[in-house]
Amino acid sequence: MFRRIMIANRGEIAMRILRCCHELGIETVTACSYEDRNSLPVQLSTDSVCIGPASAAQSYLNQDALIEAAKAKSCDAIHPGYGFLSENAEFAEECEKNGIAWIGPDADMIRRMGDKQEAKALMKKNGVPVVPGSDGLLSGVDEARKIAGKVGYPVLLKATAGGGGRGMRIANSASELESAYANASAEAEAAFGNGALYLEKLIRNPRHIEVQILGDKSGHIIHLGERDCSLQRRNQKLVEEAPARCLTDRQRAAIYKAALRAAKAAKYVSAGTVEFVLDHDGNFYFIEMNTRIQVEHSVTEMVTGVDLIREQIRIAAGLTLYMKQSDLKIRGHAIECRINAENPEAGFAPCPGRLDFLHLPAGFGVRCENALYPGCTVSPYYDSMIAKVIVHAPGRLAAIRKMRVALEEMVIEGFPTNIEFQYFLMYDQDYMRNEFDTSFLASHTDTILGWMKESR
């Protein structure tokens, strides 16, 4: 087992990793920007090191600074969390070259699964359903037009190196294709340094279903059930649940089988997620594989009792999975609400600031992941998510009721948040009836904002 791990991240995920390390008797070194020098992870870590100024490009994305700091602090492993360098194959490679264990899949795996077209080709070869579209990268708009004519409009142009909704454009007809192609390619080139695109048939307003997997270095791979991540705003998840109540038992068994086939085809090691879209006819299609821990891993932990961070660390240390697939039991229902420092009534604009008063929810089946304390500052330099509230109950409606109580109890003063928006979302009748998809927030946000105004 590792003696000392560097946490190359910040905020709630840094706290999550830190606590797990300390439970395992592992020392921690929190790498921080100058902006985060007084953060909770820094204060609670065994040691810390400042790696640069506030800008993420000069700190949390500064590979050389992180490697040198890890060596100077005698760290034998680095945990990248999510975001930042967590899916950067070059950084994973540099860690290994410098004798520092990488807590995650190796560089080759990150590289292959990060290339969405290569990942899609691997899945197709191994019998995992994929969205109809191009078999490889597009040579230009003429080829895109030819393939779109075969699969039928609307189509989605996607950057092979994309993520976070960037490098994506929809073409509803042949007349829109040329401009959509040019815009998607230009955006991808600017964001990722790679403007290559592929084309898929657009699945209108699907459910977003993902399956959590774990694989060790001995070749053992298991799934830990699925999550429904369909409540999204501008391709960013807002609420996640486990399990996905929209699936029938037959669909669930089929999607588990496909996820395991995908992971085994990739010879996957560590924690990862196989993501699918589910159309309104009940068909599901592979869209990508995430080679890191995800924000929403907490809901899977709540329904399985498996500590995914702990398993990541154990696997990276060369230990085998302690459980078999037959040991896995899904119990009850879990919901996670992401709490952001933003103003829903001002177009969800980020609202950094100083936290003046804080009261966090607690109680049976309630978990709150955060790195907050009174007097801390939410920085404008990083993502606006500041906390996650996760609840667990015997059934979905009971979990919704528990989440309402948790959000009622949560108080953050000093800057606007989306707590109230999340609270009223939990009362939406369509949401309560499990009648939603990825288009839900686009059509329901104005109604929820109206309830917020009426309540005052």
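Let me begin with a definition: a charge sits over a ring if NZ of Lys or CZ of Arg is within 6 Å of the ring centre and within 35 degrees of the ring normal. Arg404 meets this rule, lying over the face of Tyr427 at 3.8 Å from the ring centre. Arg207 is placed over the face of Phe436, at 4.1 Å from the ring centre. I should state at once that this is a predicted model.

I turn now to the contacts between rings. With centres required to lie within 6.5 Å, the count comes to 11 aromatic pairs. One pair is formed by Tyr60 and Tyr382; their ring centres are 5.6 Å apart and their planes stand at 80°, so this pair is edge-to-face. In sequence, these two residues are 322 residues apart, and the pair links distant parts of the chain. Tyr60 belongs to the loop between β3 (47–52) and α3 (63–72), while Tyr382 belongs to the loop between β20 (377–378) and β21 (385–393). Tyr60 and Tyr382 are both buried.

A further pair joins Phe91 and Trp102. Here the centres are 5.5 Å apart and the planes are at 90°, so this pair is also classed as edge-to-face. Phe91 lies in helix α4 (residues 89–97) and Trp102 in strand β5 (residues 101–102), so the contact ties together parts that are 11 residues apart in sequence. Phe91 counts as buried because its relative accessibility is 0%. Trp102, at 4% relative accessibility, likewise counts as buried.

Finally, I return to Tyr60 and Tyr382. Ring pairs link these two residues with Phe84 and Tyr381 into a cluster.

Methods. Residues numbered from 1 in each chain as written. Predicted model: local features only at pLDDT ≥ 70, side-chain atom pairs only at ≥ 80, totals over all residues. Heavy atoms only, no water. Phe/Tyr/Trp six-rings, centres within 6.5 Å; stacked < 30°, edge-to-face > 60°. Helix = DSSP H or I, 4+ residues; strand = E, 2+ residues; numbered from the N terminus. Buried < 20%, exposed > 50% of the residue type's maximum accessible area, 1.4 Å probe, protein only.
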